[in-house]
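Q: I'd like to learn how to read a two-chain model feature by feature. Could you walk me through one?

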Amino acid sequence: MPDWRGKIFYPRYPRYPRSTYMLLIQIFILGFVAFALWRTVGRFRAGELKRSALALWSVFWVALAVVTLLPHSTSWLASVVGVGRGVDVVIYLAIIVLFYLVFRIFLRLEKIEHDITLVVREMGLRGVEEGAEGAEDMHV
Amino acid sequence: MKVTAVVPAYNEGRTVGSVVRSLLPLVQEIVVVDDGSADRTAREARTAGARVVSHMLNRGLGAAIGTGVAAALDDDTDIIVTFDADGQHDAKDIERITAPIREGAADIVIGVRTLDRHLMPVSRRAANWIGNALTFVLFGKWVRDSQSGLRAFSRQAAEELEIKCDRMEVSSEIVREIRHHGWRLTEVPIRPVYTDYSMSKGQGFIVGLKTAGKLLLRRLMM
């Protein structure tokens, strides 16, 4: 019987090949990249994105796909900034999703703001005389 | 040639009346856009003799200029001048900034406040330079006073003008429009009037930062 006292135990992880761990998250990220690319192109076709924005976002998403498929291409960066843990990847992913959502909300908000302006303008132009009196009464 | 002055006004009840009266002998029509003011702006402007278009909500400088230009184009005007309601412009400059358009030498004229340098406070001059630089970096055209409120448009330019920015970014957006449509630009020195009142209006430091941020976002994302 070996004497275990004073010894530190490290838990043993199941011996799956390392690549199996990565594969699932790679699929997730690649799926998301595909989705994002599809949406970006769709928005460009609908005329909501300019060509330059399409290029920018495509480069961004494709870069993400490359990094996902070849994770070692980022290892030098990870070592430089001092991150190397898998959990960080989740955080990065969350940031990317948030960034994408903020971008969408920004676009929509700008559009709504401008639509309100168009309505206010139309009302102002139609009621040049009598409407103006009414609007003034409301404020005073 | 018929000249219409467009005066965007937000809570400028103190000055808009005298601004309109100073413009009366120099232009054929005055459109004051009351941008949802809570004070007597609309009444003062109407009493002084302007046509008033009221926004029921405050929509910002760009929105007000857009409305004023639309109202001016309804009539058969030839030249549209934008003129600030806070009294910082001198109505006598109207003649000078409309001249290049009358002569057919320009599609748009911007009144430049920086030419008589000593007239402008240092803080404003620095802010103005930053505005110019940012406008240049984002839209690729250097103008000597990108944030000036005194401009003249030919009818054709006004019809082509498409304003998407509702707030203070409009000044830089107009610079983008110059480049986009290939308008011929003339810059004419004007005489700004810096009173304590007009200094308290316009863009303060924080609003200027916000404007810069919005411009940057727009350029990057749209």
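Q: In which loop of chain B does B:Asn11 lie?
A: Keep in mind that this is a predicted model. B:Asn11 sits in the loop between β1 and α1 of chain B. Its phi is near 55 degrees, which is a positive value in a residue other than glycine.

Q: Why does B:Asn11 count as partly exposed?
A: Count the C-beta neighbours. B:Asn11 has 18 of them inside 10 Å, so it counts as partly exposed; the buried class starts at 20.

Q: And B:Ser146, why does that one count as buried?
A: Here the count is 23 C-beta neighbours inside 10 Å, so B:Ser146 goes into the buried class. It is a loop residue, placed between α5 (122–139) and β6 (151–154) of chain B. Skipping neighbours within four places in sequence, B:Ser146 has contacts that include B:Gly131, B:Thr135, B:Ser172 and B:Val175.

Q: Let's go to the strands. How do β1 and β2 of chain B pair?
A: For a strand pair, look at the direction and the bridges. Strand β1 (residues 3–9) of chain B runs parallel to β2(B), with six bridges between them. For one concrete bridge, take B:Ala5, whose partner in β2(B) is B:Ile30.

Q: Which strand does β2(B) join through five bridges?
A: That's β3 (residues 51–55) of chain B, again in parallel. In this pairing B:Asp34 has B:Ser54 as its bridge partner in β3(B).

Q: What handedness does the unit made of β1(B), α1 and β2(B) have?
A: Follow the path from strand over helix to strand. β1(B), helix α1 (residues 16–23) of chain B and β2(B) form a right-handed β-α-β unit. A right-handed β-α-β unit is also made by β2(B), helix α2 (residues 41–48) of chain B and β3(B).

Q: Is β2(B) mostly covered or mostly open?
A: Go through the strand residue by residue. In general, side chains of a regular strand alternate between the two faces of the sheet. In β2 (residues 29–35) of chain B, six of the seven residues are buried, so by the 20-neighbour cut-off this strand is mostly covered.

Q: Which residues have the most contacts inside the largest nonpolar core?
A: The general idea is that nonpolar side chains tend to be buried together in soluble globular proteins. In this model the largest nonpolar core has 57 residues, and those with the most contacts inside it are B:Val6, B:Val7, B:Ile30, B:Val31, B:Val32 and B:Val81. Helix α3 (residues 61–74) of chain B gives this core its largest share, eight residues. To see the surroundings of one core member, pick B:Val31: beyond four places in sequence, its contacts include B:Val6, B:Val53, B:Gly68 and B:Ala71.

Q: What about chain A: how many helices and strands does it have?
A: Five helices and zero strands. Of its 140 residues, 9% count as buried.

Q: What is the mean pLDDT of chain A?
A: It is 75, with 61% of the residues of chain A at 70 or more. Check the tail end too: over residues 129–140 of chain A, pLDDT stays under 50, and the model has 14 contacts beyond four places in sequence for them.

Q: Finally, how many residues of chain B are in contact with chain A?
A: List the residues on each side, then sort them by element and class. 22 residues of chain B touch 18 residues of chain A. On the chain B side, α2, β3, α3 and α9 (205–221) each supply at least two residues. By class, that side has 12 nonpolar, five polar and five charged residues.

Notes. Residues are numbered from 1 along each chain as its sequence is written. Chains are lettered from A and ligands numbered from 1 in the order in which they are written. This is a predicted model: local features need pLDDT of at least 70, side-chain atom pairs count only at pLDDT 80 or more; totals for chains, interfaces and linings use all residues. A residue is buried if 20 or more other C-beta atoms lie within 10 Å of its own, exposed if 12 or fewer, and partly exposed in between; C-beta atoms are placed from the backbone. Helices (H or I, at least four residues) and strands (E, at least two) are DSSP runs, numbered from the N terminus. Two strands pair if DSSP finds at least two bridges between them. A crossover is right-handed if, with the strands pointing away from the viewer, the path from the first strand over the helix to the second runs clockwise. pLDDT is the predictor's confidence in each residue, from 0 to 100. Two residues are in contact if their C-beta atoms, placed from the backbone, lie within 7 Å. A nonpolar core is a set of buried Ala, Val, Leu, Ile, Met, Phe, Trp, Tyr and Cys residues joined through C-beta atoms within 7 Å. Ala, Val, Leu, Ile, Met, Phe, Trp, Tyr, Cys and Pro count as nonpolar, Asp, Glu, Lys and Arg as charged, and the others, Gly among them, as polar.
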